[in-house]
Amino acid sequence: MAFHNNPKIATDGLVCCLDANDAQSYPGSGNDWFDLTGNDDWTITAGSSFSNGALTLDDIAAGNDSGGSPPTSWRGTTDCTIDTWYYMNSPYGSCCDTIFGRYDFRFFQIGTNLYTMISFEAHNTPGYTDGARYYQHPSYSISSGVWHHLVGMRRANRYIIWIDGVEKYNGDFGTNLELYGATSSSWALNTNRHNATYGVCRIWNRGLRDDEILQNFNAQRSRFGI
């Protein structure tokens, strides 16, 4: 199925879909970015600009309305996928706030380097301290002045990163550990306030297959000039 006027994307397990090009998600003005899945809308701090189906959050941030009590469907402690179509207007030098995600599962940027951070928590897991936080954030250089499709994912004990339709990382870090903060963390975008432009932000409560990642990328790449 498709959401309203969007091309076909993978919808099985889709629990959040923000699309600036869909008038039922963003009507072109105002501080509400509506979730097309109906799970939890987002509030944008006043001052954003809208043009050509994209939202630019100049010096402002946005977050899901239910804050630190996210919808039940967002709280999976094993598998999860986040993706966004993101336009880096200019390199950003500070560390280390969020492009999109929650603190322990998110994209952030330093200069032209994109980091995808994931954190895990041990619960009676041999070799780990119970309740401790373990994290990684591999980084890859991306270009400014163009759109990028970013995907971060936990699937079947693998930690996976895709950028612009290409798998960049696939590792076993965090095997048998739960995602940290999954049940109690609020979600946000643009907390580093760096003149970022967004087309789409999405969450799935499972790890997408490779062909589904490519399906999502190819469904919308022409819209973003890739």
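## Asn216 and the largest pocket

The side chain of Asn216 reaches out to the backbone nitrogen of Ala10, at 2.9 Å. This is a predicted model, so let us take a friendly walk through two of its places, beginning with this residue.

Asn216 sits in helix α1, which spans residues 210-220. Its relative accessible area is 1%, under the 20% cut-off, and therefore Asn216 counts as buried. Setting aside neighbours within four places in sequence, the residues in contact with Asn216 are Ile9, Ala10, Asp83, Arg202, Trp204 and Leu208. Ile9 deserves a second look: 207 residues separate Ile9 from Asn216 in sequence, yet their C-alpha atoms are 5.0 Å apart in space.

Here are the values for Asn216 side by side.

| Partner of Asn216 | What is compared | Distance |
|---|---|---|
| Ala10 | Asn216 side chain to Ala10 backbone nitrogen | 2.9 Å |
| Ile9 | C-alpha to C-alpha | 5.0 Å |

Now to the largest pocket, which holds about 170 Å³ of space. Two elements each give two or more residues to its lining, β4 (49-51) and β5 (54-57). Strand β4 provides the largest share, three residues. The lining includes Ser49, Phe50 and Ser51, and also Ala54 and Thr56. Among the other lining residues are Asn21, Asn52, Gly53, Trp147, Thr197, Arg223 and Phe224.

What is the make-up of this lining by class? Seven of the residues are polar, four are nonpolar and one is charged.

Methods: Residues numbered from 1 in each chain as written. Predicted model: local features only at pLDDT ≥ 70, side-chain atom pairs only at ≥ 80, totals over all residues. Heavy atoms only, no water. Helix = DSSP H or I, 4+ residues; strand = E, 2+ residues; numbered from the N terminus. Buried < 20%, exposed > 50% of the residue type's maximum accessible area, 1.4 Å probe, protein only. Contact = heavy atoms within 4.5 Å. Polar contact = N/O pair within 3.5 Å; in protein donor to acceptor, adjacent residues only side chain to side chain. 1 Å grid on protein atoms, 1.4 Å probe; cavity = no way out; pocket = protein on both sides within 12 Å on 5 of 7 lines; lining within 4 Å. Points joined across faces, edges and corners; volume = space filled by probe spheres on them. Nonpolar A, V, L, I, M, F, W, Y, C, P; charged D, E, K, R; others polar.
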